[in-house]
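Welcome, and thanks for having the viewer open. Please load the model, and we will walk through it one selection at a time.

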Amino acid sequence: MVLRGAQILVILAGMAAAMPATLFGQGEHARRAGSELLVLLGDIDRLQRMDPDVQQARGLHDRIAGMLSGLPLLLRLADQETERVNTASDIQRLRSLLVDRQWALLAEAVAALSSRYPLQSNTFLTQVSPVRLRSALHHHQSLCAACHDFPHQQSERPPFNLYQQAKQLPKVEFTARMLVGIRGDVMTGLGNPFTDEEIAALIALYLNAQSSAEADLRLAE
Ligand code: HEC
């Protein structure tokens, strides 16, 4: 049988629909679970080194508690997506460890989970052309800069300067924070407005530039 172009396309489309998303890159839920676990791990590490009485420690504590509450559902969805038997672990124990401030045990348990639900960050850590960097800068200036460029630290959950944060954290953790931060805090309810390529370009911008002003000068050349 000789297949014509259109028939081949239909067959390929059918195959793509039948394959798990992971073959074409990580699925939404697995990505979300992987990101949240990395953010959790980073937050636990930060919290244990903070004076528990400062305002930001309370904010961080609440954020960790919130992420732990959402975790059972997140892991279940990720398991469904990757067609894995539900490996739901004892999240209640993690909550007790947080209440008891058992940082080392909590970090150990979350790290174990994180290695079972890794984030494939390579999609987001790529070379980006100057044209895409410029468009990322435009996104940043119109949608993020107002809160993130000169952030007020006087709140329980302050925003950070993303150019600085990108250089201070391991790249994979910063990627995870971008995926969780854009989704969870900024555009809540609207879904993620960016494509993977656009997020990769934003990450490259934060990693490579010192500030919006410096990027503006350099990319204008
Ligand atoms: C209205 C103010 C506001 C805007 C606009 C905003 N953010 Fe945020 N963002 C915040 C606050 C506040 C937090 C801290 C939330 C928390 O701690 O729970 C945050 C958190 C984040 C985080 C997570 C940081 C971490 O440590 O986990 C990232 C990443 C992030 N934002 C990226 C962005 C990007 C990219 C944009 C633009 C597309 C953006 N934000 C726009 C206020 C804002």
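In which helix is Arg-218 found? Select Arg-218 and you will be in helix α11. Helices here are DSSP runs of H or I of at least four residues, strands are runs of E of at least two, and both are numbered from the N terminus.

Before going further, two notes on what is on the screen. This is a predicted model, in which local features need pLDDT of at least 70 and side-chain atom pairs count only at pLDDT 80 or more, while totals for chains, interfaces and linings use all residues. Residues are numbered from 1 along each chain as its sequence is written.

**Stop 1: the whole chain**

Colour by secondary structure. The protein has 11 helices and zero strands, so from the N terminus on the elements run α-α-α-α-α-α-α-α-α-α-α. Now colour by burial: a residue is buried if 20 or more other C-beta atoms, placed from the backbone, lie within 10 Å of its own, exposed if 12 or fewer, and partly exposed in between. Of the 221 residues, 25% count as buried. Contacts come next, and two residues are in contact if their C-beta atoms, placed from the backbone, lie within 7 Å. Among contacts between residues at least 6 apart in sequence, 72% join residues at least 24 apart.

**Stop 2: back to Arg-218**

Arg-218 counts as partly exposed because it has 15 C-beta neighbours inside 10 Å. Add Arg-134 to the selection: the two are 84 residues apart in sequence and 9.8 Å apart in space, C-alpha to C-alpha.

**Stop 3: the loop before α11**

Step back along the chain to Gln-210, in the loop between α10 (196-208) and α11 (212-220). Gln-210 is exposed, because 11 other C-beta atoms lie within 10 Å. Draw a distance from Gln-210 to Leu-162; their C-alpha atoms are separated by 9.7 Å, with these positions 48 residues apart along the chain.

**Stop 4: Ile-199 in α10**

Select Ile-199, which is found in helix α10. Is Ile-199 exposed or partly exposed? With 19 other C-beta atoms within 10 Å, Ile-199 is partly exposed. Leaving aside residues up to four places away in sequence, Ile-199 touches Phe-124, Met-178 and Phe-194. Show Thr-123 as well: its C-alpha atom is 9.5 Å from that of Ile-199, and the two residues are 76 apart along the chain.

**Stop 5: α3 against α4**

Two packed helices are described by the angle between their axes and the distance between the axes. Axes here are lines fitted to C-alpha atoms, for helices over the stretch in contact, and angles run from 0 to 180 degrees between N-to-C directions. Select helix α3 (residues 55-81) together with α4: they pack at an angle of about 170°, with their axes 9 Å apart. The two are therefore roughly antiparallel (angles over 145 degrees). On the α3 side, show Ile-64, Ala-65, Leu-68, Leu-71 and Pro-72, which meet Ile-91, Leu-94, Arg-95 and Leu-98 in α4. By class, this contact has eight nonpolar, no polar and one charged residues. In this grouping Ala, Val, Leu, Ile, Met, Phe, Trp, Tyr, Cys and Pro count as nonpolar, Asp, Glu, Lys and Arg as charged, and the others, Gly among them, as polar.

Now look at Glu-83, in the loop between α3 and α4. Its phi is near 55°, a positive value in a residue other than glycine. Glu-83 is exposed, with 8 other C-beta atoms within 10 Å.

**Stop 6: α4 against α5**

Keep helix α4 (residues 91-99) and add helix α5 (residues 103-116); they pack at about 150°, with their axes 9 Å apart. This pair, too, is therefore roughly antiparallel. Leu-94, Leu-97 and Leu-98 in α4 meet Leu-105, Leu-106, Ala-109 and Val-110 in α5. That contact divides into seven nonpolar, no polar and no charged residues.

Between them, in the loop, is Arg-101. Arg-101 has a positive phi of about 55° although it is not a glycine, and with 11 C-beta neighbours inside 10 Å it counts as exposed.

**Stop 7: the ligand**

Finish by selecting the ligand and the residues around it, meaning those whose C-beta atom, placed from the backbone, lies within 6 Å. Of these 18 residues, Cys-144, Cys-147, Arg-157, Pro-159 and Gly-181 come nearest. The elements that give two or more residues to the shell are α7 (145-148) and α9 (171-186). Which element gives the most to the shell? Helix α9 does, with six residues. By class, the shell divides into 12 nonpolar, two polar and four charged residues.

Conventions:
Parallel < 35°, antiparallel > 145°, perpendicular 65-115°, else oblique.
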